[in-house]
Each structure stands twice: as C-alpha cells, then as structure tokens.
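I opened my notebook today to look through a structure one step at a time. Come along and check each entry against the picture as we go.

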Amino acid sequence: MLTLARTHPPSQGMGEPADNLPAVRRALAAMVHPFGFGLAKQHVCVSTVGPSPGAIRALAPLPARLAWSVHAADDRLRKLLVPTSRHSMSALRDAWAETLLARNDRGLMAEVTLIDGVNDGDDAADGLHELLAPLPGKTRVNLIPYNANAGLGAAGKLFRPSRPEAVRAFQRRVIDSGLICTVRTSRGDEEASA
C-alpha cells in the first residue's frame, strides 16, 4: 500500500507491496525522481502487514517511509484480524528493528485499525507499547478508526468502529507509555468510501 503524505490526501491501493516488490520499486522510482513526480522521499510511505521477516528486510532500500499495519500485538488476535499472518509479532518486530537500523531510519509508523471491543482496550494499548518500545528511532502509532462494513466480523460478531471515547483513551494510554500517537481523520464515510 503506497501513501502520499503532506499536501496530498492518502492514496492507498489494494494488495501487499512486499509481495510485488519489483513493481513497487519502479513506482517509487517514478514518484521520487526529479523528472518524474519529484516527491520527497519523506512524503511517500509504503504500508505493509509485514508478511515475513525476510519481506520486511527486503524493504530496506526503498526510497520511502515505511509503515507497519500492526492492528494487534497479540499473535492470536492479529491472526484473526490479518488472516495471512504466518510469523510471530516479535519475529516481525525484530525484522523491523534490523531494517530500521540498516536504513538509519528516523522511526517506523505503526498503524492500528481500532475495532470496538476487539482491539481497543487497555490491554491492547499496553501490548502495543510492549511490542513497539524496543524499536530504534521514534515509533509513531497511527490509530485508524474502523470503517463500518455490514457483514464483516469474526465468530459471528459484527465489527463496529470504536467509540470516540475509546479511541481517545487508547491514544492517551499509548502517549503516556512514551510513544507518539495520532488518530487518522476519516473521510468518505458517508459514501462508504473511507
């Protein structure tokens, strides 16, 4: 998933960029080349679930910021939310640490889509801090309110967006633990295009 930052609204596509790295490299080259789009590397972000430690390490040379779609620090819950998960969160985190060090990176963006009663409680916030605290640089957590979608859920439970007070409490807990934490502003909810 590629994201253009700053003056551009988020532009994200479908699919896992680490599964199509040659095409992602070509797209990024065009985005940052002075005779292409001429975007600064810090204004382009590649977001990935981190399918494997090796796939994470392969992202090191990309001319873009990197973001990890975490969604849950707990291995079982992450498997529920990201069914393609095959590796432990600690193994993936350690690969991120190696990659950030190899890039001399300023820090990782960690993305968490908050779902009511699923991953928006104190335990989830504390687990997120425990997972991310060892990473080098300044880790930034970006909370993404879940977009309601009829029929999606697990074990017969319909997923719902976290309540605004739960999002604020989660954010406060993450900030109080020492991590930078922002909440993404949702746009397009009314048209089911968020």
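**Entry 1: R184**

I started at R184, which counts as partly exposed because its relative accessibility is 23%, and the cut-offs put partly exposed between under 20% for buried and over 50% for exposed. A note to myself before going on: this is a predicted model. I found R184 in the segment after β8. I then looked up its distance to E111: the two residues are 73 apart in sequence, yet their C-alpha atoms are 9.6 Å apart in space.

**Entry 2: the whole chain**

Next I stepped back to the full chain. I listed six helices and eight strands. Reading from the N terminus, I wrote down the order β-α-β-α-β-α-α-β-α-β-β-β-α-β. The chain has 194 residues, and 41% of them are buried. About 10,400 Å² of the chain is exposed, with carbon and sulfur atoms supplying 55% of that area.

I also looked at contacts between residues at least 6 apart in sequence, and 67% of these join residues at least 24 apart.

**Entry 3: helix α6**

I picked α6 for a closer look and began with its length. Helix α6 covers residues 164-176, so its 13 residues, at 1.5 Å a residue, should span 18 Å. The C-alpha atoms at its ends are 18 Å apart, which agrees with that expectation.

Which residues of α6 are buried? I noted A166, V167, F170 and V174. Looking down the axis of α6, I saw that these buried residues fall within an arc of 100°, so they line one face of the helix. On the other side of α6, I marked R168 and D176 as exposed.

What do the buried residues of α6 pack against? My list has β4 (109-114), α5 (122-132), β5 (140-145) and β8 (180-183). Following the chain out of α6, I came to G178, which has a positive phi, near 110°.

**Entry 4: V82**

I moved on to the loop between α3 (75-81) and α4 (89-103), where V82 sits. Is V82 buried or exposed? I put V82 down as buried, because its relative accessible area is 7% and the limit for buried is under 20%.

Leaving out residues up to four places away in sequence, I found that V82 touches V49 and H71. I checked A72 as well: A72 and V82 are ten residues apart in sequence, with 9.0 Å between their C-alpha atoms.

**Entry 5: empty spaces**

How many cavities of 30 Å³ or more does the whole structure hold? My search of the whole structure turned up one. The largest cavity holds about 40 Å³ of space. V82 from the last entry came up again here, since the lining of the largest cavity consists of V49, G50, P51, R78, V82, T84, S85, R86 and L92. V49, which V82 touches, is also in that lining.

Then I turned to the second largest pocket, with a volume of about 170 Å³. I counted 16 residues in its lining, and those nearest its centre are A73, D74, L77, D123 and A124. Which element gives the largest share of this lining? I wrote down α5, with four residues. That helix had already come up in my notes, as one of the elements that the buried residues of α6 pack against.

Notes:
Residues are numbered from 1 along each chain as its sequence is written. This is a predicted model: local features need pLDDT of at least 70, side-chain atom pairs count only at pLDDT 80 or more; totals for chains, interfaces and linings use all residues. Side-chain values use heavy atoms; hydrogens and water are left out. Helices (H or I, at least four residues) and strands (E, at least two) are DSSP runs, numbered from the N terminus. Buried means under 20% relative accessible area, exposed over 50%, partly exposed in between (1.4 Å probe, protein chains only). Contact means heavy atoms within 4.5 Å. Accessible areas come from the Shrake-Rupley method with a 1.4 Å probe; for residues, only the protein chains shown count as cover. The expected span of a helix is 1.5 Å times one less than its number of residues. The arc is that of the directions from the helix axis to the C-beta atoms. On a 1 Å grid over the protein atoms alone, a cavity is a set of points where a 1.4 Å probe fits but cannot get out, and a pocket is an open set with protein on both sides within 12 Å along at least five of seven lines; lining residues have an atom within 4 Å of a point. Grid points are joined across faces, edges and corners, and a volume is the space filled by probe spheres set on the points.
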